[in-house]
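Visitor: I would like a close look at a single part of this model. Please pick one strand, and then show me how the rest of the chain is arranged.

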Amino acid sequence: MEFEHRPVLLAPTVDALLQADFGGKGATRSSQLDDAQAEAHAHARIQRGVFVDGTFGRVGHSRELLSRLGPEARLVVFDKDPQAIAVATELAARDQRVTVVHDGFATMREALAGHGIEHIDGVMLDLGVSSPQLDDAERGFSFMREGPLDMRMDTTRGPTVADWLADASVDEMREVIADYGEERFAFQVAKAIAARRATRPLRTTLELAECVASAVRTREKGQHPATRTFQALRIYINRELEELARALASALELLAPGGRLAVISFHSLEDRMVKQCIAAAARPAVAHARLPLRESELPQPLVRSLGRVLATDDEIAGNARSRSAVLRVAERTTTPLGSDGAAFVPAMRVPGETPATKRGSKRRPR
Ligand SMILES: C[S@@+](CC[C@H](N)C(=O)[O-])C[C@H]1O[C@@H](n2cnc3c(N)ncnc32)[C@H](O)[C@@H]1O
């Protein structure tokens, strides 16, 4: 069965990568280039640029980008999902500008180096899951559809949610559900899961949804009681925030001067990380504010923020998924990085890791 995906913030995301004068809400105006230079740069990027789509999905953003790129440009697409990769492989067979990588976008730097690419002109990330993943009950992402409790984007590797829930401790479950789902009843949910699995293993989405609903005491308006727990488990099992942190660091290292980063987030944990990373790279001098340094000795901005864009009312009316989407855009300056890109990504504590799992036990999803 074919499931459709309607791309979110399609035109603004591709404009963000290609348009010389792109600017969302809160964009920093000052550029190192004058208008004519910026136009010439944009023209060269369109003709011969190297771009990355870290979240290929069902070709929505990639198709639009390719339709606007010249014949000598290149597009490297990543996805963890084998079904998305099958679609990407068909596209690459028809369009020689396209290279396909079946892996997490966290591996971007190494994967691009393997293809002889050291610098890129733009990278877009449309985070989270696609509609085909959500709509296909067999993938186990939806608390509304009965299916196996899987939730892996990459069904070829790593433990499923059912595997993890079978032997995680109450404390590990509580931490994951609280940190990644911001669920007030995380402890109660973790205890309910432990009590339930003591009699019968949790194998399906609806079994988990029912178990969670029994532990969540107050319902949020218009929200299923399992929404937060399902979000948390999905983020955890797919290492979504760790992947994002590594990708942001790689983007700072890979983007050529004038190159653009465009990230669409769907929840506050992701958006906060993107926002803080862009802010830290845009104002690295803030970290040195207390040191006795002259103006000329202060570290210079590595990016300038090109602001944020939200979906219009029209887009939201036609595609409910776009309601929570936030697109943030940044442009790399000419300042050399001087250190590891990870220095500009907010530090993150990974929940659910006991000292044993930190040392790499089999339970930690990869
Ligand atoms: C929201 S969809 C992207 C849709 C796409 N932009 C389109 O218009 O068709 C997210 C896609 O990214 C993939 N994905 C999410 N996180 C990923 C990661 N860390 N590495 C690689 N792929 C990822 C998912 O498997 C899914 O196919």
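Guide: Let's begin with burial: a residue is buried if 20 or more other C-beta atoms lie within 10 Å of its own, exposed if 12 or fewer, and partly exposed in between, with C-beta atoms placed from the backbone. What you see is a predicted model, in which local features need pLDDT of at least 70 and side-chain atom pairs count only at pLDDT 80 or more, while totals for chains, interfaces and linings use all residues. Residue numbers start from 1 along each chain, as its sequence is written.

My choice is strand β7, residues 326–332. Helices (H or I, at least four residues) and strands (E, at least two) are DSSP runs, numbered from the N terminus. In β7, 7 of the 7 residues are buried, so the strand is mostly covered by the definition above. Val326, Arg328, Ala330 and Arg332 point one way from β7, and Leu327, Val329 and Glu331 point the other way; all are buried. Charged side chains, counted here as Asp, Glu, Lys and Arg, therefore appear on both of these sides.

Now for the partners of β7. Two strands pair if DSSP finds at least two bridges between them. Strand β5 (residues 255–265) runs antiparallel to β7, with 6 bridges joining them. Arg260 has Glu331 as its bridge partner in β7. Strand β6 (residues 303–310) also pairs with β7 in the antiparallel sense, over 6 bridges. Here Leu327 is the bridge partner of Val309.

Leu327 deserves a longer stop. Contact here means that the C-beta atoms of two residues, placed from the backbone, lie within 7 Å. Not counting residues up to four places away in sequence, Leu327 touches Leu9, Pro12, Thr13, Ala16, Gly24, Ala262, Ile264, Arg308 and Val309. Leu327 also belongs to the largest nonpolar core, which has 98 residues, and is one of the members that touch the most others, along with Met108, Val189 and Leu248. Such a core is a set of buried Ala, Val, Leu, Ile, Met, Phe, Trp, Tyr and Cys residues joined through C-beta atoms within 7 Å. The largest share of this core, 9 residues, comes from helix α12 (residues 240–254).

Just past β6, the loop leading to α14 (313–318) holds Thr312. Thr312 counts as exposed because 12 other C-beta atoms lie within 10 Å. Its C-alpha atom is 8.8 Å from that of Leu9, although the two are 303 residues apart along the chain. Leu9 is also among the contacts of Leu327.

Another strand offers a useful parallel. Since 5 of the 6 residues of β2 are buried, this strand is largely enclosed by the rest of the structure. Strand β1 (residues 50–53) runs parallel to β2, with 4 bridges between them, and Val50 stands opposite Arg74. β2 (74–79) and α3 (60–68) each supply at least two residues of the shell around the ligand. That shell has 23 residues, the closest being Pro7, Thr55, Gly57, Gly60 and Glu243; a residue is near a molecule if its C-beta atom, placed from the backbone, lies within 6 Å of it. By class, the shell holds 8 nonpolar, 9 polar and 6 charged residues. Nonpolar here covers Ala, Val, Leu, Ile, Met, Phe, Trp, Tyr, Cys and Pro, with the residues that are neither nonpolar nor charged, Gly among them, counted as polar.

Two loop residues are worth a look for their backbone angles. Met151, in the loop between α6 (131–135) and α7 (161–167), has a phi near 70 degrees, a positive value in a residue other than glycine. Met151 is buried because it has 26 C-beta neighbours inside 10 Å. Glu182, in the loop between α8 (170–181) and α9, has a positive phi of about 50 degrees. With 14 other C-beta atoms within 10 Å, Glu182 is partly exposed.

Finally, step back to the whole protein, with its 15 helices and 7 strands. Its radius of gyration, taken over C-alpha atoms, is 21 Å, close to the 21 Å that the globule rule (2.2 Å times the number of residues to the power 0.38) gives for 366 residues, so the protein is as compact as a globular protein of that length. Buried residues make up 45% of the 366.
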